[in-house]
Every structure is written in structure tokens, then in C-alpha cells.
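The report that follows looks at how selected helices are placed against their surroundings and at a few backbone angles outside them. Please read it alongside the sequence and the coordinates.

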Amino acid sequence: MTRIGVLTGGGDVPGLNAAIRAVTRRSLEYGFDVYGIRNGWAGLVDSDVEPLSMKSVSGILHIGGTMLGSSRTNPFKHARDLEKSLRTIKELNLDAIVAIGGEDTLGVAERLYREHGVPVSGVPKTMDNDVWGTDYCIGFDTATTTVCEALDKLHTTASAHHRALVVEVMGRHAGWVAVVGGLAGGADFVVIPEAPCSINKMCEHLRRRYAMGKHFSIIVVAEGAQITDMPVNEDLGEADAFGHVRLDRRGLSETVAREVERQTGFETRSVVLGHLQRGGSPTVFDRLLATRLGVRAADRVKEDMFGYMSALQGNQIIDVPLSEAMSRMKTVDPTLYQLAEIFY
Ligand code: F6P
């Protein structure tokens with residue numbers, strides 16, 4: 001009897017439950033035993049698992065979050081945690097682990113496979129959409145839909161008060177959410193980590209808009225964006241187990257808003273969309289994507305094909321070696337950023 005474990009790691013996104021359901025349903029169809037590993041890699045370290053059945057994954061397709069819980073645990077951080085993880089795999093007789101996550105979670109899966117021969121099957125999820133090898137990651141479409149809806153709402157209040165609004169969205173190393181959300185929501189300026197920007201240039205642009213009779217502006221900034229000529233708080237406290245600091249502590253949008261107001265004299269406010277971007281029901285796109293990627297991850301286990309990640313390229317679901325997916329980050333396509341600039 002094949003026994004598989006499934007886990008969700010890193011920041012949650014809508015669509016994780018759809019992926020868990022897909023992996024479980026397909027695996028049960030194959031006659032596998034399925035175990036849910038709780039709270040990402042932490043559940044493997046602590047042997048915290050629950051059996052998954054048709055019943056336990058029923059009614060979760062449309063629900064945000066993850067029924068298994070998530071964490072940013074890195075079992076490679078401490079040798080003891082790695083030992084405990086390998087012991088759990090042995091004790092539970094797991095023949096495969098399906099890891100649903102972003103670069104950190106899939107990075108652990110890749111190392112477990114490469115360095116310890118653990119049979120893993122990956123599924124990419126992250127609202128940041130920065131996993132290499134797949135056009136889309138689970139959660140990105142829902143997050144950008146939320147950003148777009150927020151911008152629609154912010155437009156009316158910005159226009160009513162003739163204000164500039166600086167809207168901060170997530171995006172640590174890649175500005176996909178800022179660019180796509182900004183394009184869809186009609187942003188007047190977008191700043192992303194891939195393209196360091198000058199605050200003077202931004203203010204000049206806002207003055208130009210004002211002179212053209214546009215007395216309000218929406219500026220979207222990714223939390224990880226670099227502003228070349230304006231100091232930002234970079235004293236962000238301790239890094240997590242993967243070396244990431246908390247970027248919300250930079251206070252980027254508020255700092256930009258103050259500087260814009262100081263330089264231009266336009267009344268300016270800041271809004272941080274924060275974890276709202278990771279909440280709610282998954283969109284149709286994310287439900288379908290999670291279902292297709294999850295089913296393929298279970299299919300690979302059936303085919304004894306390990307060390308791969310399900311990926312969407314064009315409209316095809318394909319298998320990408322985890323080593324390739326983890327070899328680099330998928331940053332914003334410059335042509336998309338240039339497209340956004342046309343509408344400033
Ligand atoms: O998962 C990636 C991400 O969405 C980043 O864009 C953001 O910096 C981070 O999560 C914040 O997550 P949390 O507050 O849950 O640690």
C-alpha cells in the first residue's frame with residue numbers, strides 16, 4: 001500500500017485547500033493512504049499528522065487558508081530537526097511527500113530529495129508568483145483580484161478628496177502583484193523590487209498629472225521595492241528560519257506618502273493591503289490551477305516520478321525538475337512593467 005503525506009508550507013494563500021483536496025482525491029482513487037502533515041515542515045519534525053479521507057477534504061474547495069495549517073519551519077536549520085523529520089518519514093512508512101509551497105517550502109523538498117533521497121512531489125503556491133518554471137502559482141490570481149478590487153475602491157475616495165494614495169502590496173523580491181494588480185486596477189505609478197525608482201521622478205510625474213487636470217493619483221508600491229533617493233527603515237528585526245525579515249516593518253508606503261506630500265504639496269495618504277491579499281475564497285482560476293497542479297502531483301507519485309514540481313506553462317500542466325525550479329527566481333517580465341508605464 002502506497003502511503004503519501006501532504007503538507008502546505010510558508011505564507012498561506014487561497015487555493016491551498018483546493019490543492020490538498022486534489023492531491024487527496026486523486027491519491028484515494030489510486031488506492032493510496034493519505035496523511036495530512038500539519039503546519040508545514042513542522043508537522044514532519046514533530047510527527048504531527050492526520051489521516052485524510054474523502055470526508056475530511058469534502059467542502060473545502062472554496063475555503064481560503066489551509067485545513068492543514070502552515071508555518072515557516074525549516075528542518076535544515078537545526079540538525080536535530082532534520083533527523084526528526086527523516087525519522088517521521090521512516091516511522092510512518094511514507095512513500096512520498098507532496099509539498100505545496102513557494103521557494104522556501106519547495107527548496108526544502110528539493111534538498112530532502114537531493115541530499116537524503118526522500119521521494120518528493122512539489123506544487124507551487126505563492127501570491128508573490130515568483131517560482132521559476134511555472135507561469136502561475138496558486139494564490140496569485142486571488143491576491144491580484146483583491147488588489148484590483150481595492151484599487152477600484154480607493155480610486156473613488158482619492159478622486160473625491162483630490163488626494164494621492166500610496167498603496168502597499170506584498171512582494172518581497174518580485175513585483176508581480178504590484179504590476180498585475182496595478183495594471184488591472186488602473187494605477188498611476190507602480191514601484192517594484194526589480195526596478196529601483198527615484199522619489200523625485202515619482203513626484204515629477206504626479207505634478208505632470210496635476211497640470212493635466214488629474215487631481216488625484218494612485219501609486220502602488222511593492223513592500224520590497226527600493227527607492228533610490230529616500231531613506232527607508234531597514235532595521236527590521238530578526239530574520240525567520242529562511243533568512244527573511246518582515247518587510248511590513250519598513251513602513252514603505254507611509255514613508256513614500258510623507259515624502260510625496262512634502263515634495264509636491266498634494267495631500268497624500270497611505271494604505272497597506274497586507275494579509276487581506278491572502279484571504280477570502282480562491283478565484284475560479286486559482287481553484288482550477290490548484291486542482292490541476294495537485295492532481296498531477298499525485299499522478300507523479302503513481303508513476304514513481306520524484307523530485308519534480310507541477311507547473312503551468314501556456315495552458316499545459318507539465319513537470320519541472322525541482323532543481324531547475326529552485327535554481328532561480330521568476331522576476332517580473334520587463335515588458336509587463338513597460339505596459340503598466342503606458343498608462344501612468
Ligand atoms: O509568502 C510571501 C509573502 O506573501 C511575502 O510577500 C510577504 O513578505 C510575506 O509573505 C509576509 O508573510 P507573513 O506576514 O505571513 O510572514
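In this predicted model, helix α6 and helix α11 cross with a left-handed sense. The two helices, residues 176-184 and residues 334-342, pack at an angle of about 40° with their axes 10 Å apart, and α6 and α11 are therefore oblique to each other, since angles from 35 to 65 degrees fall outside both the roughly parallel and the roughly perpendicular classes. On the α6 side the contact is made by Trp176, Val179, Val180 and Leu183, which meet Leu336, Tyr337, Leu339 and Ala340 of α11. By class, this contact has 8 nonpolar residues, with no polar and no charged ones.

A second helix pair is formed by α7 and α8, whose crossing is right-handed. Here too the axes are oblique to each other, as follows from the angle of about 60° between α7 and α8. Ile199, Asn200, Met202, Cys203, Leu206 and Arg207 of α7 meet Val256, Glu259, Val260, Gln263 and Thr264 of α8, and the residues of this contact divide into 6 nonpolar, 3 polar and 2 charged. The geometry of the two pairs is set out below.

| Helix pair | Angle | Axis separation |
|---|---|---|
| α6 (176-184) and α11 (334-342) | about 40° | 10 Å |
| α7 (199-211) and α8 (252-264) | about 60° | 10 Å |

Helix α1 can be checked against its expected length: at 1.5 Å a residue, its 14 residues, 16-29, should span 20 Å, and the end C-alpha atoms are 20 Å apart, which agrees. The buried residues of α1 are Leu16, Asn17, Ala18, Ala19, Ile20, Ala22, Val23, Thr24 and Ser27. An α-helix has 3.6 residues a turn, so residues three or four places apart point the same way. Among the elements that cover the buried residues of α1 are the strands β1 (3-8), β2 (33-37), β3 (49-52) and β4 (96-101), together with helix α9 (284-302). Just after α1, Gly31 takes a positive phi of about 85°.

Which residues other than glycine have a positive phi? Asn39 is one of them, at about 60°, and His162 is another, with phi near 55°. Asn39 lies in the loop between β2 and α2 (41-45), where its relative accessibility of 32% means that Asn39 counts as partly exposed. His162, by contrast, sits in the loop between α5 (140-161) and β6 (164-169), and at 51% relative accessibility His162 counts as exposed, because the cut-off for that class is over 50%.

How values were computed: Residues numbered from 1 in each chain as written. Predicted model: local features only at pLDDT ≥ 70, side-chain atom pairs only at ≥ 80, totals over all residues. Heavy atoms only, no water. Helix = DSSP H or I, 4+ residues; strand = E, 2+ residues; numbered from the N terminus. Expected span 1.5 Å × (residues − 1). Buried < 20%, exposed > 50% of the residue type's maximum accessible area, 1.4 Å probe, protein only. Contact = heavy atoms within 4.5 Å. Axes fitted to C-alpha atoms, helices over the stretch in contact; angles between N-to-C directions. Parallel < 35°, antiparallel > 145°, perpendicular 65-115°, else oblique. Left-handed = near helix turned anticlockwise from the far one by under 90°. Nonpolar A, V, L, I, M, F, W, Y, C, P; charged D, E, K, R; others polar.
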